[in-house]
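Hi,

Here is the structure I said I would pass on to you. Have a look at it first, and then read my notes underneath.

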Amino acid sequence: MLYFEKSQPAPDCLEQEKLKASGDYKCGCVLDRLKSDFKNKCYICESKAPASVNVEHFKSHQGNKDLKFDWDNLFYACAHCNNTKLAKFDDILNCTDSNHSVENKLNYYFNPFPFEKIKITVNADDNKTLETQKLLNAVFNGTTTLKEIESDNIRGELLEQIQHFQKYLTKYFKDTNDAKEKKRCLKKIKEHLSSASAFTSFKRQIIKDNPQLLQEFGSYFLN
Ligand SMILES: [Zn+2]
């Protein structure tokens with residue numbers, strides 16, 4: 001989970017929709033803004049350009065119109081994550097609130113081979129962090145037979161992304177590289193570490209856990 005700044009103010013159409021008897025919080029301008037703010041990534045699993053997008057209520061609205069149409073409560077999630085979270089995880093870290101420091105509280109471990117599961121560990125023991133850990137373990141490993149298949153598919157995409165990333169990391173340090181090739185690899189590594197990339201948290205974890213890699217690439221975590 002990464003920090004994303006929610007653009008302000010709320011889209012005008014959201015207030016208009018709220019006034020209608022059967023208004024829609026998923027109006028076009030809301031979708032465009034969420035897609036842009038969250039860089040077209042599910043904020044929970046970090047899948048890029050998910051095939052099925054849901055507008056998620058961070059706090060479940062349960063019929064409360066203010067919560068239902070509250071711009072700060074609308075998040076961009078894939079269907080798998082939205083259906084796993086539901087109202088069961090209503091007290092997780094808020095990735096749009098910089099005070100929640102989502103990027104320092106969770107660790108993402110994946111052994112990049114087929115059939116490997118994902119392990120999320122924590123650096124804090126407050127309730128929001130522990131609930132977020134539970135949710136992430138659930139979305140990446142599945143909770144029902146159907147969701148296990150979906151999680152397996154997400155891990156398949158993750159495996160490919162990590163393999164790509166590994167390829168450029170390995171190439172970057174080859175002493176046979178000329179300056180042009182090294183520059184090309186660095187460009188790819190920067191792209192993988194940017195918040196717009198798929199599964200950024202897993203890639204940054206690889207860097208964080210290795211002092212030499214952290215020294216070389218740690219400054220690219222900011223965008
Ligand atoms: Zn997701």
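Below is what I found in it, starting with the metal site. Keep in mind that this is a predicted model.

**The zinc site**

The zinc ion is held by four sulfur donors, the SG atoms of C42, C45, C78 and C81, at 2.3 Å. Angles among the four donor atoms run from 103 to 116°, and the site is tetrahedral. For comparison, the ideal angle for four tetrahedral donors is 109.5 degrees. If you want to find the donors in the sequence, look for the spacing C-x2-C-x32-C-x2-C. As for how far these cysteines are hidden, C78 and C81 are both buried. C45 is buried too, because its relative accessible area is 1%, under the 20% cut-off.

**Helix 2**

Next, turn to helix 2, which spans residues 28-37 and has V30, L34 and D37 as buried residues. Those buried residues lie within an arc of 70° when you look down the helix axis, so they line one face of the helix. Their cover includes helix 1 (12-19), strand 1 (53-57) and strand 2 (74-78). Just past the end of helix 2, K39 has a positive phi of about 50°.

**The disulfide**

There is one disulfide in the structure, and it joins C13 to C29 with an S to S distance of 1.7 Å. It connects distant parts of the chain, with C13 in helix 1 and C29 in helix 2, 16 residues apart. C13 is buried at 14% relative accessible area, whereas C29 counts as partly exposed at 29%.

Cheers

Key
Residues are numbered from 1 along each chain as its sequence is written. This is a predicted model: local features need pLDDT of at least 70, side-chain atom pairs count only at pLDDT 80 or more; totals for chains, interfaces and linings use all residues. Side-chain values use heavy atoms; hydrogens and water are left out. Donors are N, O and S atoms within 2.8 Å of the metal (3.2 Å for Na, K and Ca); water is not among the atoms, so sites may look incomplete. Four donors count as tetrahedral if all angles lie between 85 and 135 degrees; four count as square planar and six as octahedral if opposite donors are over 155 degrees apart and all others between 65 and 115; anything else is irregular. Buried means under 20% relative accessible area, exposed over 50%, partly exposed in between (1.4 Å probe, protein chains only). Helices (H or I, at least four residues) and strands (E, at least two) are DSSP runs, numbered from the N terminus. The arc is that of the directions from the helix axis to the C-beta atoms. Contact means heavy atoms within 4.5 Å. A disulfide is a pair of cysteine sulfur atoms within 2.5 Å.
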